[in-house]
Amino acid sequence: AVAINPAAAGATHSLSMAVNPRGGGTTTPAVGSHVYDENEVVNISATPAVGFEFVNWSGDVADPNAASTSVTMGSDKTVTANFIPIEYTLTIVSEHGIVAKNPDQATYHYGDVVQLTATPADGFAFTNWTGDLTSSTNPASITISGNHSVTANYMESSGVVLLDGSV
């Protein structure tokens, strides 16, 4: 009988994948720990979640600024895909009154809800919202999903005074 001896296993290393912040995106291979052979070149990629953008990789990667790059497994490695929320603007047009935003800030993130309250100038009455918000309700809310522009529309007041009928 001839003994069959399996080939000696080569060295392996662990690749730990992570994302920052949690929920900012996904990686390939997936977040977690993966085992690869000594000196194996592993292709990795980062995909941002909706409302986020890829910034860079932390850790020993070939190109830290590329969403798709590689890692050479000469030792155990930990790499993190870093993402940041995209900043969106909300532009308000209001010719015959003012509009208050709540919260009132220069930029917003995906999914933020902003309440808009129109206050007409003297001699005008609010009629409706147009643009990325279509409503005749005041106040009204818009959910941020990109850069938005909203116009508050007004009409001149007629000057009619309604009386309740009492003298």
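Mentor: A strand here is a DSSP run of E with at least two residues, numbered from the N terminus. The model is predicted.

Trainee: What pattern does the protein chain follow, read along the sequence?

Mentor: The chain has zero helices and 13 strands. Read along the sequence, the pattern is therefore made of strands in the sense of DSSP runs, and it is written β-β-β-β-β-β-β-β-β-β-β-β-β.

Trainee: Is threonine 27 buried or exposed?

Mentor: Threonine 27 is found in strand S2, residues 25-28. The cut-off for buried is under 20% relative accessible area. Because its relative accessibility is 8%, threonine 27 counts as buried.

Trainee: Which backbone oxygen does the side chain of threonine 27 reach?

Mentor: Threonine 27 touches Met17, Ala18, Val19, Ser45, Trp57 and Ala81, leaving aside residues up to four places away in sequence. The backbone oxygen in question lies at 2.7 Å from the side chain, and a polar contact is a pair of N or O atoms within 3.5 Å. The oxygen belongs to proline 29.

Trainee: Which strands stand at the edges of the open sheet?

Mentor: Three strands form this sheet in the order S2-S4-S6, with antiparallel pairing. Each edge strand has a single partner strand, so one side of each is left without a neighbour in the sheet; the edges are S2 and S6 (68-72).

Trainee: Which residue in S4 stands opposite threonine 26?

Mentor: S2 pairs with strand S4, residues 41-48, in the antiparallel sense over four bridges. Opposite threonine 26 in S4 stands threonine 47.

Note on methods: Residues are numbered from 1 along each chain as its sequence is written. This is a predicted model: local features need pLDDT of at least 70, side-chain atom pairs count only at pLDDT 80 or more; totals for chains, interfaces and linings use all residues. Side-chain values use heavy atoms; hydrogens and water are left out. Buried means under 20% relative accessible area, exposed over 50%, partly exposed in between (1.4 Å probe, protein chains only). A polar contact is a pair of N or O atoms within 3.5 Å; within protein, one must be able to donate a hydrogen and the other to accept it, and residues adjacent in sequence count only if both atoms are side-chain atoms. Contact means heavy atoms within 4.5 Å. Two strands pair if DSSP finds at least two bridges between them.
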